[in-house]
Amino acid sequence: MLTINVAVLLAVIIVLRLRRRTEARSRFDEKLTVVIVLVFGVLVAPTAFGQGILDVVVQLVQGMSQSSR
């Protein structure tokens, strides 16, 4: 039996929704996209992949804050 990871399914939905032209989106459509992205973030955050992304972002922010001093 084939199982689909919910995070992977949400990632595909996000990519498909963001490929649409900006002019074709309504306010409700934009809000729904934000909610989907937030749920995706909550699902990915506790995984090893999510922790790797967090480490990269922390390093980038630290590098930018040190370079601006």
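A search of the whole structure, which is a predicted model, finds two salt bridges. Arg17, Arg20 and Asp29 are linked in a network of salt bridges, and the partners of Asp29 in this network are a convenient starting point for reading the model. The chain contains three helices and zero strands, and the points below move from the charged network to the helices, then to single residues and the overall form of the chain.

**The salt-bridge network**

- Asp29 forms a salt bridge with Arg17, in which the closest N and O atoms are 2.1 Å apart. Asp29 lies in helix α2 whereas Arg17 lies in helix α1 (residues 6-18), so this pair ties together parts of the chain that are 12 residues apart in sequence.
- Asp29 also forms a salt bridge with Arg20, and here the closest N and O atoms are 2.8 Å apart.
- Asp29 counts as buried because its relative accessibility is 10%, a value that falls under the 20% limit used for buried residues.
- Arg17 is likewise buried, with a relative accessible area of 17%, whereas Arg20, at 36% relative accessibility, counts as partly exposed.
- When neighbours within four places in sequence are left aside, Asp29 is in contact with Arg17 and Arg20, which are also the residues linked with Asp29 in the network of salt bridges.

**Helix α1 and its buried face**

- The 13 residues of α1 should span 18 Å at 1.5 Å a residue, and the end C-alpha atoms of the helix are 18 Å apart, which agrees with that expectation.
- The buried residues in α1 are Ala7, Leu10, Ile14 and Arg17. Seen down the axis of α1, these buried residues fall within an arc of 85 degrees, so they line one face of the helix.
- The buried residues of α1 pack against α2, the helix in which Asp29 has its place.
- At the N-terminal end of α1, Asn5 acts as a cap, with a side-chain oxygen that lies 3.2 Å from the backbone nitrogen of Ala7.

**Residues of helix α2 that meet α1**

- Thr33 is found in helix α2 and, at 12% relative accessibility, counts as buried.
- The side chain of Thr33 makes a polar contact with the side chain of Arg17 at 3.0 Å, and Arg17 is also a salt-bridge partner of Asp29.
- Not counting residues up to four places away in sequence, Thr33 touches Arg17 and Leu18.
- Ile36 is found in helix α2, which covers residues 27-44, and Ile36 is buried, with a relative accessible area of 15%.
- Ile36 touches Leu10, Ile13, Ile14 and Arg17, again not counting residues up to four places away in sequence. Among these partners, Leu10, Ile14 and Arg17 are buried residues of α1.
- The C-alpha atoms of Ile36 and Met64 are separated by 29 Å, and these two residues are 28 residues apart along the chain.

**The loop between α1 and α2**

- Arg19 has its place in the loop between α1 and α2 and, at 69% relative accessibility, counts as exposed; the limit for an exposed residue is over 50%.
- The C-alpha atoms of Arg19 and Ala7, which are 12 residues apart along the chain, are separated by 18 Å.

**The chain as a whole**

- From the N terminus on, the elements of the chain run α-α-α. The radius of gyration of the chain is 16 Å, well over the 11 Å that the globule rule gives for 69 residues, so the chain is more spread out than a compact globule.
- Taken along the principal axes, the C-alpha atoms of the chain fill a box of roughly 45 × 40 × 15 Å.
- Buried residues make up 13% of the 69 residues in the chain; they include Thr33, Ile36 and Asp29 as well as Ala7, Leu10, Ile14 and Arg17 of α1.

Conventions
Residues are numbered from 1 along each chain as its sequence is written. This is a predicted model: local features need pLDDT of at least 70, side-chain atom pairs count only at pLDDT 80 or more; totals for chains, interfaces and linings use all residues. Side-chain values use heavy atoms; hydrogens and water are left out. Helices (H or I, at least four residues) and strands (E, at least two) are DSSP runs, numbered from the N terminus. Buried means under 20% relative accessible area, exposed over 50%, partly exposed in between (1.4 Å probe, protein chains only). Contact means heavy atoms within 4.5 Å. A salt bridge is a side-chain nitrogen of Lys or Arg within 4 Å of a carboxyl oxygen of Asp or Glu. The expected span of a helix is 1.5 Å times one less than its number of residues. The arc is that of the directions from the helix axis to the C-beta atoms. A polar contact is a pair of N or O atoms within 3.5 Å; within protein, one must be able to donate a hydrogen and the other to accept it, and residues adjacent in sequence count only if both atoms are side-chain atoms. The radius of gyration is taken over C-alpha atoms; the globule rule is 2.2 Å times the number of residues to the power 0.38.
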